[in-house]
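Trainee: Could we go through this protein together, residue by residue where it gets interesting? I would like to practise reasoning from the structure to an answer.

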Amino acid sequence: MFKKIIAACALVASASFAAWDYMPALPAGMGQVVVSGQYADADPITQADAEVGVRYSLLSWLELYVKMDYRLFTHVDGDDAKVDGLGDLPFGARFQFIPIFNIFVDFVAPTGDDSYNDDDWTYGFGLQHVSLYGKLVWATEIGFTIYNDAADVRAFNVANEWDIILGAFVPYIGLNYVYAFAGESDDDAMGYDVFLGLELGFTERSSIDFSVHFMGDDFYEDWVFYGGDSPLVFNAALFYTF
């Protein structure tokens, strides 16, 4: 019933419902490539994904992105659940109308493997804001996502992230809170994602990012992971800016 949410799990477990991050768009004429991997453990479910993405700022106020995800495996009690293959295709844009505010729109096209994807589109939109206090960066987001699946799921999220800029080292911590409801059944669910991470720049254009996400409550445990217990998600990503 909630197959579409599982297909979007890689997005939900990332730093933001917007499929890149909370931070301001890149300057005009600049782009960034990311290659990442994710491992999720929500007993009795484990799964792994690989992802590649690119974003590019056509104008000072317009950034576009597209990503491609591949589910490497899904195991239940150690057995192969035969839920793997190419994921649906997320793409979207951010509109930076002043330097500290973004409006984002996200789409997920139904292009993925039938084992965990269906034929419905997903849409999202929201507002992001960034404040700078010396070496501390505070980023916030308010978003709304529409999963056009059989359950007619809608989800609100409110997120905060705090980064400390220590030269090439940028540790960060954040919280993403979700409230979702299914129009067809009148069911609703809440969820939280507390995440810790570290970004390390090793050249002027390249960086690597490691993060861990501690998830809980009904949205993540029952709707995203089908009854998985206290999901724990590990991410590693390599970024190159051009």
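Mentor: Happy to; what follows is a set of questions and answers on a predicted model.

Trainee: Let's begin with the backbone. Which residue follows Asp43 across a cis peptide bond?

Mentor: Look at the omega angle, which is near 15° for this bond, and the bond is cis. The residue you want lies in the loop between β1 (31–42) and β2 (45–59). The bond runs from Asp43 to Pro44.

Trainee: Asp77 has a positive phi although it is not a glycine. Is Asp77 buried or exposed?

Mentor: Start with where Asp77 lies: the loop between β3 (62–76) and β4 (79–80). Its phi is about 55°. The relative accessible area of Asp77 is 60%, and the cut-off for this class is over 50%, so Asp77 is exposed.

Trainee: Ser230 is not a glycine either, and its phi is positive too. Which loop holds Ser230?

Mentor: The phi of Ser230 is about 40°. With 41% relative accessibility, Ser230 is partly exposed. As for its place in the chain, Ser230 is in the loop between α3 (217–224) and β14 (232–241).

Trainee: Staying with α3, which residue with a positive phi follows this helix?

Mentor: Within the helix, Phe219, Tyr220, Glu221, Trp223 and Val224 are buried. After α3 comes a residue with a phi near 50°, and that residue is Tyr226.

Trainee: Now Leu166. Which residues does Leu166 touch, leaving out those up to four places away in sequence?

Mentor: Leu166 sits in the loop between β10 (153–164) and β11 (169–182). It is partly exposed, at 46% relative accessibility. Its C-alpha lies 9.4 Å from that of Leu136, though the two are 30 residues apart in sequence. With sequence neighbours up to four places away set aside, Leu166 touches Lys135 and Pro171.

Trainee: Let's turn to the rings. How many aromatic pairs are there?

Mentor: Ring centres must lie within 6.5 Å to pair. By that rule the count is 16.

Trainee: What is the geometry of the pair formed by Phe91 and Trp121?

Mentor: The centres of Phe91 and Trp121 are 6.2 Å apart, and the planes meet at 85°. Phe91 is in strand β6 (residues 89–98) and Trp121 in the loop between β7 (101–109) and β8 (122–133), so this pair links distant parts of the chain, 30 residues apart. Phe91 is partly exposed at 28% relative accessibility, and Trp121 is partly exposed at 34%. An angle over 60 degrees sets the class, and the pair of Phe91 and Trp121 is edge-to-face.

Trainee: Which residues do ring pairs link into a cluster?

Mentor: Follow the ring pairs from one aromatic side chain to another. The cluster they build holds Phe125, Phe144, Phe156, Tyr179 and Phe181.

Trainee: Over which ring does the charged end of Lys67 sit?

Mentor: Charge over a ring turns up at Arg71 as well, which lies over the face of Tyr116, 4.5 Å from the ring centre. For Lys67, the distance to the ring centre is 5.0 Å, and the ring is that of Trp20.

Trainee: Among the 7 salt bridges, which residue is the partner of Asp49?

Mentor: The closest N and O atoms of this bridge are 2.8 Å apart. Asp49 lies in strand β2 and its partner in strand β3, so the bridge ties together parts that are 22 residues apart in sequence. Both residues are buried, and the partner of Asp49 is Arg71.

Trainee: Is Lys82, which meets Asp80 in a salt bridge, buried or exposed?

Mentor: In this bridge, N and O are 3.7 Å apart. Asp80 is partly exposed, at 40% relative accessibility. The relative accessible area of Lys82 is 61%, so Lys82 is exposed.

Trainee: Finally, which residues do salt bridges with shared partners join into one network?

Mentor: One bridge to know is that of Glu63 with Arg94, with the closest N and O atoms 2.9 Å apart. Glu63 is in strand β3 and Arg94 in strand β6, 31 residues apart, and both are buried. The network joined through shared partners consists of Asp21, Arg55, Glu63 and Arg94.

How values were computed:
Residues numbered from 1 in each chain as written. Predicted model: local features only at pLDDT ≥ 70, side-chain atom pairs only at ≥ 80, totals over all residues. Heavy atoms only, no water. Helix = DSSP H or I, 4+ residues; strand = E, 2+ residues; numbered from the N terminus. Buried < 20%, exposed > 50% of the residue type's maximum accessible area, 1.4 Å probe, protein only. Contact = heavy atoms within 4.5 Å. Phe/Tyr/Trp six-rings, centres within 6.5 Å; stacked < 30°, edge-to-face > 60°. Lys NZ or Arg CZ within 6 Å of the ring centre and 35° of its normal. Salt bridge = Lys/Arg side-chain N within 4 Å of Asp/Glu carboxyl O.
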